[in-house]
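Q: I am new to reading structures and would like a close look at one single part of this one. Could you pick a part, walk me through it slowly, and then show me what lies around it?

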Amino acid sequence: MKSNQGILDYFHILEKNSSSAASYLFIGRDFTLLDDILKVISCENDSYFCSSCWDCKMIEAHNHPDLFCVEPQGLNTRIDKIREAIHFLYLKSFRLKKKIVILKDGNSLSPAAANAFLKTLEEPPGNSFIAICVSKLEGILPTIISRCRKIFLPFNAGENALCNFDIVAEFLKGGRIVFKDRVKFSSFLWTLIMFLHNDLLFKTTGRGSSIFAEDKQGLFFNFYDAERIHNALNDVLKIYSVYKSININLALNLIRLKLN
Ligand SMILES: [Zn+2]
């Protein structure tokens, strides 16, 4: 719950400062938080959202005229649906300040559909809010990953167990670490991504996420500004996307270079 609050705070603050991005990649298994995020950026009534105004109710019902949801048909999200979504973003909005497009399953984008979407992600029409939901980053075009701000939705306990905080802490202190297999290497990368993401949220909202015990983590990237953390996060994500084939030592050196 606490980490959910951190993410809602993040969007609330971005909204207040009119500094939200046009495109977000939501990475997780459970996307129910997204409705609340959409209410935070849409509701006029409350400091957060009211859940009772017309806009909140229509967002909750996925029936708002300024919201367009793209669902996969069968296993694929087809290119004609993506074209409809792009067309929708260019229409004048009815009530909200934003036109919102949700891609419910980014992992189901066909290569042609993903390519059709790239240009819009690069130069979205003003006031777009595009949310792409994915359960994993594997298979997502690196160009899509780099053009979106990443939001990691709260972990469940099983995934959390993958992380080895001590190895990441050792690495960040400059220690030499060795991985015997790629599974451990990928869980190291994922944990590092979580650290960076958590610190990025903290930098923006003043709140950390409950996925980390405060005493173990602290703020590793305390001396970095948000932009530097964001860039480092993008770099580690790029490496994560090729963890199956990259030379592990080379990757570790690259990460050190990016973080120092
Ligand atoms: Zn409302």
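A: Let's begin with how the parts get their names: helices (H or I, at least four residues) and strands (E, at least two) are DSSP runs, and they are numbered from the N terminus. Please keep in mind that this is a predicted model. The protein has 260 residues, with twelve helices and five strands.

The part I have picked is strand E4, which covers residues 128–134. Just before this strand comes a loop that follows H5, and asparagine 127 is located in that loop. The phi angle of asparagine 127 is positive, about 65°, although this residue is not a glycine. Asparagine 127 has 15 C-beta neighbours inside 10 Å, so it counts as partly exposed.

Now step into the strand. Seven of the seven residues of E4 are buried, so the strand is largely enclosed by the rest of the structure. Here is some help in picturing that: in a regular strand the side chains alternate between the two faces of the sheet. In E4, both faces are covered. Ser128, Ile130, Ile132 and Val134 are buried on one side, while Phe129, Ala131 and Cys133 are buried on the other. For the protein overall, buried residues make up 35%.

Next, look at the sheet that E4 belongs to. It is an open sheet of five strands with parallel pairing, in the order E2-E3-E4-E1-E5. At its edges stand E2 (67–70) and E5 (149–152), each with a single partner strand, so one side of each has no neighbour in the sheet. From one strand to the next, the twist averages 20°.

In the order of the sheet, E4 stands between E3 and E1. Strands of a sheet pair through backbone hydrogen bonds, either parallel or antiparallel. E1 and E4 run parallel and are joined by five bridges. Across this pairing, tyrosine 24 stands opposite alanine 131, and phenylalanine 26 stands opposite cysteine 133. Five bridges also join E3 to E4, again running parallel. There, lysine 99 stands opposite serine 128.

E3 (residues 99–103) also holds isoleucine 102, a residue that links back to our strand. Leaving aside neighbours within four places in sequence, isoleucine 102 is in contact with Ala131 as well as Leu34, Cys69 and Val70. Isoleucine 102 counts as buried because it has 21 C-beta neighbours inside 10 Å. Its C-alpha is 9.3 Å from that of leucine 34, although the two are 68 residues apart in sequence. Across the protein, 74% of the contacts with a separation of 6 or more are between residues 24 or more positions apart.

Finally, let's go back to H5 (residues 111–122), whose axis comes within 8 Å of the axis of H4 (residues 79–90), crossing at roughly 15°. That angle makes H4 roughly parallel to H5. The crossing is right-handed. Ile79, Ile82, Arg83, Ile86 and Leu89 of H4 meet Ala112, Ala113, Ala116, Phe117 and Thr120 of H5. Sorted by class, this contact has eight nonpolar residues, one polar and one charged.

So, to return to where we started, E4 is a strand covered on both faces and joined by five bridges to E1 and by five to E3.

How values were computed:
Residues are numbered from 1 along each chain as its sequence is written. This is a predicted model: local features need pLDDT of at least 70, side-chain atom pairs count only at pLDDT 80 or more; totals for chains, interfaces and linings use all residues. Axes are lines fitted to C-alpha atoms, for helices over the stretch in contact, and angles run from 0 to 180 degrees between N-to-C directions. Angles under 35 degrees count as roughly parallel, over 145 as roughly antiparallel, 65 to 115 as roughly perpendicular and the rest as oblique. A crossing is left-handed if the near helix is turned anticlockwise from the far one by less than a right angle, and right-handed if clockwise. Two residues are in contact if their C-beta atoms, placed from the backbone, lie within 7 Å. Ala, Val, Leu, Ile, Met, Phe, Trp, Tyr, Cys and Pro count as nonpolar, Asp, Glu, Lys and Arg as charged, and the others, Gly among them, as polar. A residue is buried if 20 or more other C-beta atoms lie within 10 Å of its own, exposed if 12 or fewer, and partly exposed in between; C-beta atoms are placed from the backbone. Two strands pair if DSSP finds at least two bridges between them.
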